[in-house]
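Visitor: I have a few minutes before my next run. Can you walk me through this one?

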Amino acid sequence: IRRDREENIGGGCIIFKLKQKVKPDEAAVQEMDQAEIEVTETKSESGACFPPTFSVSEIKNKQRRHAMFLKLKEEKRKQKLELKKKKKKERKVLGDQAPPKEVPKTIENQRIYDETTVNPEDEEVAFDEGTDEFSAYFNQLTNPKVLITTSDRPRGRTVRFCEQLATVVPHAHVYYRRGLALKRVIPQCISRGFTYLMVINEDRKVPNGLILCHLPDGPTAHFKISSVRLRKEMKRRGKDPTEHVPEVILNNFSTRLGHSIGRMFAALFPHDPQFVGRQVATFHNQRDFIFFRFHRYIFKNEKKVGMQELGPRFTLKLRSLQKGTFDSKFGEYEWVHKRHEMDSSRRKFHL
Amino acid sequence: MQHDDVIWDLIGNDSFCSYKVKTKTQRFCRNEYNLTGLCNRSSCPLANSQYATVREEKGRCYLYMKVVERAAFPARMWEKVKLDRNYAKALEQIDENLMYWPQFIRHKCKQRLTKIAQYLIRIRKLTLKRQRKLVPLSRKVERREKRREEKALIAAQLENAIEKELLDRLKQGTYGDIYNFPIHAFNKAMEKQEEETESEEAEDEEEPVTREFVADDEFEESDLSDFEDMNNLKGSSDEEEDAEEESREEEESEEELEEEKTKAQSKGKAPLKGPIRKKRAYVEIEYEQETEPAQKSKAT
C-alpha cells in the first residue's frame with residue numbers, strides 16, 4: 001500500500017510521508033506510527049519541520065524542493081548568526097582571557113610546503129648563485145642591454161606594447177622580426193653585445209607569450225602573458241616614464257626556481273637605480289602568477305608614500321625554463337609546466 | 001573487348017561511379033590515375049582504353065601510360081616511366097613517349113607536370129624557412145587560469161605590498177640623504193631607545209638632590225629696602241622681563257584671538273595687559289605687528 005503525499009500548507013509545515021510498502025498485518029501499527037509522527041510534526045511549529053532521515057533532494061517536485069531548500073538555507077544562516085553573536089558576547093565577557101582570535105585560512109596559509117624553498121642562509125644556494133650565469137651581472141661586471149622583438153608580422157597592439165616596454169626597461173632596443181630565425185639572431189646579438197633577448201609572441205593581434213633569453217649562453221624562460229594594459233588604458237596614470245633607471249622590487253620568489261627567475265628579472269635592469277627618478281618596477285609573484293607594475297612614487301612623510309602608475313602592466317606565468325639559449329628541439333629543460341602533474345592540487349605552487 | 005562508350009554509359013553522366021564526387025555545379029573524379037581530376041568523357045581513366053597520367057612520388061615525377069593491348073592484364077596495365085628532374089627534359093620525355101597520342105592527353109600531361117613541379121619547388125622553399133608550431137589552447141584551461149589569475153591579483157594586494165616595500169627601503173636607508181624624513185625616523189628611534197632606558201632605570205635612580213634657599217621665619221623683604229637703586233635696577237630688569245613675558249603672552253593671546261576672529265587689521269598697538277603694574281619707573285613698549293591681529297579694546 002502506498003501512501004500518498006499530503007500537503008498541509010496552512011500550518012507552514014509540509015508533512016511528508018515516506019513511501020512504504022506496508023504488509024497488511026502491520027498496516028494498523030504503521031498507521032498508528034504515522035499518526036504519531038504527524039502529531040509531533042504539527043506541534044513543532046518552528047519554521048519547517050522535517051522527519052528525521054530526510055533530505056531536501058528527495059522531493060521530486062522542483063518548486064517545492066526549491067522552496068524547502070531556501071528555507072533550509074535561511075535556517076542555517078540564522079544559526080550561523082546566532083553562533084557568531086554568542087561568540088562575540090563570550091569574548092566580551094571574558095575580556096583578556098578570551099581565547100585568541102582564529103586566523104582565517106587562506107590559500108597562502110595552506111600552501112603545500114615546497115622542498116625547494118630557499119632558506120636565506122643556505123650556503124649551497126649562495127654558492128650556486130655566485131657561480132651561475134648571472135654572477136657576471138651581480139658582480140657588477142656587465143651592464144644589461146636588451147633587444148626586444150616580436151614574432152612575425154606583429155599587429156598594432158603588440159608593436160605598441162614593445163615600444164612601451166622599451167621605455168620601461170633601460171637600454172632596450174626594439175627591432176622588427178621580419179621572418180628571421182631566432183637561432184640566427186642570437187649569435188648576431190651576442191656579437192653586438194646584447195645581454196638579453198625578449199621575444200613577444202603574438203596571437204590574434206594580442207601579445208600572449210614572452211621568451212626571455214639571457215644571451216651569453218644563459219637560461220631561456222618562456223612565459224605566458226595575460227591581461228596586458230597599455231599606457232593609454234591606465235586610469236589615473238601619470239606622464240610618461242623618464243630616462244632614469246628605475247628601482248626593482250621582486251616579491252615572493254621563494255623556491256629555487258623562483259629565485260632563478262627573480263634573478264633573471266633583476267638582471268634586466270642596470271645596477272644603480274637613480275632614486276632621483278623615483279620610478280619603481282615591481283615583479284610580484286602570487287600563486288605562480290607574476291604581476292608586473294611600473295610606478296612613480298613620492299614620499300609624503302615617513303609613513304606614507306603616494307604612487308602613480310605609469311607604464312604598461314601585464315601578468316606572466318612561467319611555462320618552461322630551459323638551460324642555454326633558445327633551442328626548443330634539443331635544449332635541456334630545467335623546468336616544464338606539465339598540467340596534469342603540477343596543476344592537480346590547488347595549494348601547490350612552484351615559484 | 002573494351003567498349004569505352006558502353007562503360008561511359010554505365011558510369012558516366014548521370015549514373016553511378018564509385019570514384020565520382022558530385023557538387024552542385026561540377027563532377028569530380030577521385031580516381032588516382034585521373035589526369036584532370038574532373039569527371040569527363042575524355043578524362044575518365046575507366047572509360048578510355050588509351051590513357052596517360054603524370055603522378056609524383058616522393059619528389060620524383062612518373063609518366064603512367066595505359067594502352068588497349070594490356071587491358072586484359074590488370075597487373076601490367078600501367079606503364080611507368082620515370083621523368084627527368086629537369087623540367088624541360090621531362091617535357092621532352094613526355095613528348096617523346098606520347099608521340100602519336102591525342103593532343104588532349106599530351107597537353108594535360110604537360111600541364112599536370114608543370115603544376116607538380118611548382119608545388120615541389122614551394123615545398124622545398126618552405127622547409128628552409130622556420131616552421132611555426134601551432135599549440136592548441138584548451139578553453140577550459142584558459143578559463144580556469146583566467147579565474148585563478150583574478151583571484152591571485154586580489155590576494156596580492158599589490159599597492160600595499162609595493163608601498164610597504166618602499167617604506168622599508170626608506171627606513172633602512174637605501175635612499176641615503178635624498179629625503180629629509182630619515183632624521184625624523186632616526187629621532188623617533190632615539191626617543192624610543194631613551195624611553196626604554198628611562199623605564200628601565202626609573203626604579204633604580206634616586207631623586208636628584210635639589211637645593212633650595214629658603215628664608216628665615218622672621219625675614220621680611222622690606223628690610224632690604226636700603227638699596228633703592230638696586231631696587232630700581234632690579235625693578236627695571238624685572239620690568240623688562242615682565243614686559244617680555246607680557247609680549248609673549250600678548251602674542252599668544254593675539255594669536256588665539258586671530259584664530260577666533262579673522263578680521264583684517266593693518267597695524268595695531270599691542271595693548272598692555274596683565275595685572276596692573278606698580279607705579280614704578282617703567283618703559284612702555286609698543287609692538288607693531290604686520291600680521292592682522294583682531295580688533296581689541298585698548299586697556300590703559
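Guide: Start with a term: a cavity is a set of grid points where a 1.4 Å probe fits but cannot get out. Bear in mind that the model is predicted.

Visitor: How many cavities of 30 Å³ or more does the rule count?

Guide: Rolling a probe the size of a water molecule over the atoms shows where empty space is left. The largest such space here has a volume of about 70 Å³. The second largest has about 30 Å³. With the cut-off at 30 Å³ or more, the count is two.

Visitor: How many nonpolar residues are in the lining of the largest cavity?

Guide: Among its lining residues are A:Leu165, A:Met198, A:Phe265 and A:Phe314. Strand 4 (206-214) and strand 9 of chain A each supply at least two residues of this lining. By class, polar and charged residues are absent, and the nonpolar count is 11.

Visitor: How many polar residues are in the lining of the second largest cavity?

Guide: Its lining includes A:Tyr137, A:Pro144, A:Tyr196 and A:Ala267. A:Thr142, A:Asn143, A:Thr195 and A:His214 line it too. Four lining residues are nonpolar and no residue is charged; the polar count is four.

Visitor: On to the interface. What area do chain A and chain B bury between them?

Guide: The size of an interface is often given as the accessible area lost when the parts come together. The contact takes 37 residues from chain A and 30 residues from chain B. Carbon and sulfur atoms hold 60% of the buried area, and the total is about 3,200 Å².

Visitor: Which three residues supply 22% of the area that chain A buries against chain B?

Guide: No other three residues of chain A supply more of that area. The trio is A:Phe275, A:Phe299 and A:Glu302.

Visitor: Which residue meets A:Lys224 in a salt bridge?

Guide: The rule finds five salt bridges across the interface. In the one with A:Lys224, the N to O distance is 3.1 Å. That falls within the 4 Å cut-off, so the pair counts as a salt bridge. The partner is B:Glu145.

Visitor: Which strand gives the largest share of the side of chain A that touches chain B?

Guide: Nine residue pairs are in polar contact between the chains. On the chain A side, strands 5 (220-229), 6 (247-251), 7 (279-286), 8 (289-301) and 9 (304-323) each supply at least two residues. The largest share is eight residues, and it comes from strand 8.

Visitor: How many charged residues does that side of chain A have?

Guide: Sort the residues by class. Nonpolar residues number 11 and polar residues 10. The charged count is 16.

Key
Residues numbered from 1 in each chain as written. Chains lettered and ligands numbered in written order. Predicted model: local features only at pLDDT ≥ 70, side-chain atom pairs only at ≥ 80, totals over all residues. Heavy atoms only, no water. Contact = heavy atoms within 4.5 Å. Buried area = accessible area lost by both parts, 1.4 Å probe. Salt bridge = Lys/Arg side-chain N within 4 Å of Asp/Glu carboxyl O. Polar contact = N/O pair within 3.5 Å; in protein donor to acceptor, adjacent residues only side chain to side chain. Helix = DSSP H or I, 4+ residues; strand = E, 2+ residues; numbered from the N terminus. Nonpolar A, V, L, I, M, F, W, Y, C, P; charged D, E, K, R; others polar. 1 Å grid on protein atoms, 1.4 Å probe; cavity = no way out; pocket = protein on both sides within 12 Å on 5 of 7 lines; lining within 4 Å. Points joined across faces, edges and corners; volume = space filled by probe spheres on them.
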